[in-house]
Amino acid sequence: ICFTALKYLKEQGLKPKYNTIISFPYGEEIGLGGNYVPAEVSEFIALDIGLIGPGLEGNEYSVSICPKDASVVYDFDLTSHLIDLAEKHGCSYAVDLFKNYGSDAGVAVKSGNNLRAAVFGMAVHCSHGMERTHMDGLRNTMNLLLAYVLVGKSGFALETMTFLLCSLGLGAVITVRPEEGMKQTVAIALGVAVYLLILWLM
């Protein structure tokens, strides 16, 4: 799918909206696929398989978008952005939670990389066996991939900040993405302001 998408971009003279790195790791099955990510990366998409079976919405004709797997809850805004792109660009899709599943994006999150992560891919029968899917599933997955790299991020004015307010004590954790210095300054200033406001209200 990635090679076909790259071929399409080259033939059509198109470029991704943002700097994009396409990687082909080979250590996903042993948990090594996404543990190192360059510091300038702010979003990590794993193009993996989806699952088909009882209790799942996925099918071989659609692209599966996974908001949560066995150990990771993927970024809400980025996952919602993928769903929005699928709807806007006519990609048949399904959203499923995968209880016995992991991806390179999950490894990237668990390794402490400061990024937003999401995962999607064509749903297949017989994972780790005679895997099979339908051409429509491949098409929908590639179309979603192309929509993502050409349209770009969902973007929020304050997307550089994440606040975690601890209920057992006063504290604010500010996650600043490795982007422009001005955004970092604004994020830190707002975080300190919120922290001081909470102290004052208490």
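Which side chain meets that of Glu11 in a salt bridge? Lys7 does, with an N to O distance of 2.5 Å, as the second view below sets out.

This is a predicted model, in which local features need pLDDT of at least 70 and side-chain atom pairs count only at pLDDT 80 or more, while totals for chains, interfaces and linings use all residues. Residues are numbered from 1 along each chain as its sequence is written, and side-chain values use heavy atoms, with hydrogens and water left out.

**View 1. The two sides of helix α1 (residues 2-12).** Cys2, Ala5 and Leu9 are buried (under 20% relative accessible area, with exposed meaning over 50% and partly exposed in between; 1.4 Å probe, protein chains only). They cover an arc of only 65° around the axis, which puts them on the same side of α1 (the arc being that of the directions from the helix axis to the C-beta atoms). Phe3, Lys10 and Glu11, on the other side, are exposed. The buried residues pack against β1 (43-47) and α4 (135-151).

**View 2. The salt bridge between Glu11 and Lys7.** A salt bridge places a side-chain nitrogen of Lys or Arg within 4 Å of a carboxyl oxygen of Asp or Glu. Both residues lie in α1, four residues apart, about one turn of the helix, and Glu11 has a relative accessible area of 53%.

**View 3. The salt bridge between Lys88 and Asp84.** The closest N and O atoms are 3.2 Å apart, and the two residues, four apart in helix α2 (residues 76-88), are separated by about one helical turn. Lys88 is exposed at 61%, whereas Asp84 is partly exposed at 30%.

Conventions: Contact means heavy atoms within 4.5 Å.
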